[in-house]
Every structure is written in C-alpha cells, then in structure tokens.
Amino acid sequence: MRIGGHFHGDDPLAEAVACQARIAQFFLGDPQGWKGPVIPGGDPAAVRDAYAKADVDVYIHAPYVINVATSNNRIRIPSRKLLDQQLKAAASIGAKALIVHGGHVTSGIDPAVGLENWRKAIERIERPLPLLIENTAGGTGAMARSLDAIARLWDAIGEPGGGEIGFCLDTCHANSAGIELADAVDRIKAITGRIDLVHCNNSRDEFGSGADRHANFDTGTIDPAVLLDVVRAAGSPVVCETPETGLAADIGWLRDKLADA
C-alpha cells in the first residue's frame with residue numbers, strides 16, 4: 001500500500017522524499033482560481049521522469065472552484081473547460097488520477113439538475129486518466145455528501161467503462177457529513193464498486209458538523225485507530241491532507257502501523 005501526502009510547496013517531490021512518502025498529491029496552480037494548469041518547471045516529460053526515478057506516484061487535485069453540477073452557466077461551463085484542462089495536464093506528467101469534488105446545486109434547485117449536469121460532463125469531457133470523485137463534508141445541495149447522494153450520482157453517471165471514473169474517500173468529509181466510518185468502506189463499495197484513493201484526515205470538528213477542517217491524527221476528534229481501520233479496509237493508496245506541521249508524522253505513523261499488521 002502506497003502512502004503519501006498533499007504538498008503545497010514549489011517542490012512536492014522533494015517534500016515527498018524528505019518524509020519517505022510514496023505519493024505526492026498537489027495542485028497545478030491556484031486551487032481557488034480559474035486560470036489553466038501550470039506544469040512545475042514547464043516540462044511535462046521532465047516532471048514525469050523525475051517522479052518515476054524517485055518511485056513517487058503523482059495524484060493531482062483539481063481546483064476547488066470547479067463545479068460541473070451547478071445550473072449557473074457562468075460557473076458550470078468554465079468548470080467543464082478547466083476540468084478538461086486539468087485532466088490533460090495531469091496525464092501529461094504521468095499522474096495516476098485527478099481528484100475533483102462532487103460539487104453542488106444552489107438552494108431551491110432540484111438536485112436532479114446537478115445529476116444531469118454531471119452526466120453531460122462525463123459524456124463530453126475526454127478522460128486520458130482516471131477521474132476520482134471525492135465525497136464532500138457539507139451543503140444541502142451537495143452531489144456527494146451523503147451515501148444516498150453518492151448513490152444517486154453513481155446511478156446518473158452510469159458505467160462509463162474503462163475504469164475512468166472512480167471514487168476518493170475523504171475520512172474527515174465523511175465524518176463531518178454524518179457517515180459512520182466503522183462501515184463506510186463496505187457501504188461505499190456497495191454503491192461505487194470501488195475506492196481508488198483514501199484521503200486519510202482527522203477532523204477538527206464533531207461528527208455530523210458539516211465542517212471541512214482537517215486535523216492531524218493526534219489532535220482531531222476521530223480516533224486514529226478508526227482511521228487506520230478505514231485504510232486497511234479500503235486497501236487503496238492513501239494521501240494524508242493533514243496540516244503541514246504534523247504531516248510527516250502522520251505519514252510515518254500510518255506507514256509504521258500498516259507495516260506492523
């Protein structure tokens with residue numbers, strides 16, 4: 001099982017190597033902006049070769065602003081364009097997958113509209129690498145917050161084939177959304193058939209809070225043993241998105257505990 005972290009610096013590979021991570025997740029640019037992706041150093045082949053030489057897998061997280069579910073054309077259409085750009089850029093550097101949040105519809109809009117917009121996005125956007133949809137922590141119009149919502153989304157996007165659509169389970173988001181982690185893996189796999197990546201994060205907030213605030217393993221409200229159980233049950237690659245002050249320690253703790261199993 002490969003374990004790594006989300007790195008925010010200019011040289012994610014160096015950060016990954018420094019904490020003995022086997023995965024480096026990072027953004028290709030501003031996570032809160034609409035500008036197109038930026039390849040570190042400008043040379044995709046050089047990036048791909050450097051990570052391969054270091055035996056570190058790359059996962060790219062799409063910008064938070066992307067929301068292909070919304071009925072607002074001024075957000076949905078640029079979201080599709082940016083998602084397309086991110087997928088192509090991630091593929092060019094040899095990334096294993098691109099992770100994107102499920103998005104939401106605004107108050108008063110039928111969630112079915114968001115599901116249809118997701119279906120259209122899946123049909124129209126070429127996917128040169130797997131697109132992993134991540135569960136979210138809050139929002140009444142969220143497409144991937146509750147288990148029921150995730151089931152409706154998976155029904156809407158159908159079976160695109162080729163393993164191109166997958167699922168990323170975020171433990172902090174699930175806990176904040178009111179999903180019991182004890183059996184979350186089994187219940188999600190019953191819906192999606194797969195968990196391709198785990199974002200293993202503790203939470204600063206209580207169960208069902210709806211808040212998306214990550215914490216290091218030893219400071220959050222989730223028992224670290226429960227997080228370990230989720231990782232073991234999923235059997236998927238793991239990325240820690242915990243605060244940088246304790247990120248290396250979290251990666252090391254997971255690595256040591258899994259090695260002891």
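A residue counts as exposed when its relative accessible area is over 50%, as buried when that area is under 20%, and as partly exposed in between. Keep these cut-offs in mind as you look through the close-ups of this predicted model.

**View 1. Gln20 and Asp55 are two loop residues with a positive phi.** Gln20 sits in the loop that runs between helix H1 (12-18) and strand S2 (23-26). With a relative accessibility of 51%, Gln20 counts as exposed, because the cut-off is over 50%. Its phi is about 55 degrees, although Gln20 is not a glycine. Most residues other than glycine have a negative phi. Now find Asp55, in the loop between helix H2 (44-54) and strand S3 (57-61). Asp55 also has a positive phi of about 55 degrees without being a glycine. At 42% relative accessibility, Asp55 counts as partly exposed.

**View 2. Ala16 is a buried residue of helix H1.** Its relative accessibility is 0%. Leaving aside neighbours within four places in sequence, Ala16 is in contact with Phe7, Ala21, Ile23, Ala24 and Val56. You can also look for Ala54, which is 38 residues from Ala16 along the chain; the C-alpha atoms of these two residues are separated by 9.6 Å.

**View 3. Eight strands close into a barrel.** Follow the strands around in the order S1-S2-S3-S4-S5-S6-S7-S10, with parallel pairing. From one strand to the next, the twist averages 25 degrees. For one piece of the barrel, see where S3 and strand S4 (residues 97-101) pair in the parallel sense over three bridges. Here His61 stands opposite Ile99 in S4.

**View 4. Trp118 belongs to the largest nonpolar core.** This core holds 70 residues, and those touching the most other members are Ile60, Leu83, Trp118, Leu131, Leu153 and Leu254. Not counting residues up to four places away in sequence, Trp118 touches Val68, Ala69, Val100, His101, Gly102, Leu131, Ile133, Met143, Leu153 and Ile157. A second, separate core has eight residues, among them Ile23, Tyr59, Ile99 and Leu197.

**View 5. Asn201 is buried in a loop between two strands.** Strand S7 (197-199) comes on one side of this loop and strand S8 (202-203) on the other. Asn201 has a relative accessibility of 0%. A polar atom of the Asn201 side chain lies 2.7 Å from the backbone nitrogen of Glu241. Beyond residues up to four places away in sequence, Asn201 touches a dozen-strong list that you can pick out one by one, including Asp170, Cys172, His214, Phe217, Leu227 and Thr242.

**View 6. Aromatic rings meet edge-to-face at Phe27 and Tyr64.** The whole structure has four aromatic pairs. In this one, the ring centres are 5.3 Å apart and the planes are at 75 degrees, so the pair is edge-to-face. Phe27 lies in the loop between S2 and H2, and Tyr64 in the loop between S3 and helix H3 (73-92), so the pair ties together parts that are 37 residues apart in sequence. Phe27 is buried at 15% relative accessible area, whereas Tyr64 is partly exposed at 39%.

**View 7. Phe217 and Trp253 also form an edge-to-face pair.** Their ring centres are 5.6 Å apart, and their planes are at 70 degrees. Phe217 is in the loop between strand S9 (214-215) and helix H8 (224-234), while Trp253 is in helix H9 (residues 244-260), so the pair links parts 36 residues apart. Phe217 is buried, with a relative accessible area of 4%, and Trp253 is partly exposed at 26%.

Methods: Residues are numbered from 1 along each chain as its sequence is written. This is a predicted model: local features need pLDDT of at least 70, side-chain atom pairs count only at pLDDT 80 or more; totals for chains, interfaces and linings use all residues. Side-chain values use heavy atoms; hydrogens and water are left out. Helices (H or I, at least four residues) and strands (E, at least two) are DSSP runs, numbered from the N terminus. Buried means under 20% relative accessible area, exposed over 50%, partly exposed in between (1.4 Å probe, protein chains only). A polar contact is a pair of N or O atoms within 3.5 Å; within protein, one must be able to donate a hydrogen and the other to accept it, and residues adjacent in sequence count only if both atoms are side-chain atoms. Contact means heavy atoms within 4.5 Å. Two strands pair if DSSP finds at least two bridges between them. Axes are lines fitted to C-alpha atoms, for helices over the stretch in contact, and angles run from 0 to 180 degrees between N-to-C directions. A nonpolar core is a set of buried Ala, Val, Leu, Ile, Met, Phe, Trp, Tyr and Cys residues joined through side-chain atoms within 4.5 Å. Rings of Phe, Tyr and Trp (its six-membered ring) pair if their centres lie within 6.5 Å; planes under 30 degrees apart count as stacked, over 60 as edge-to-face and the rest as tilted.
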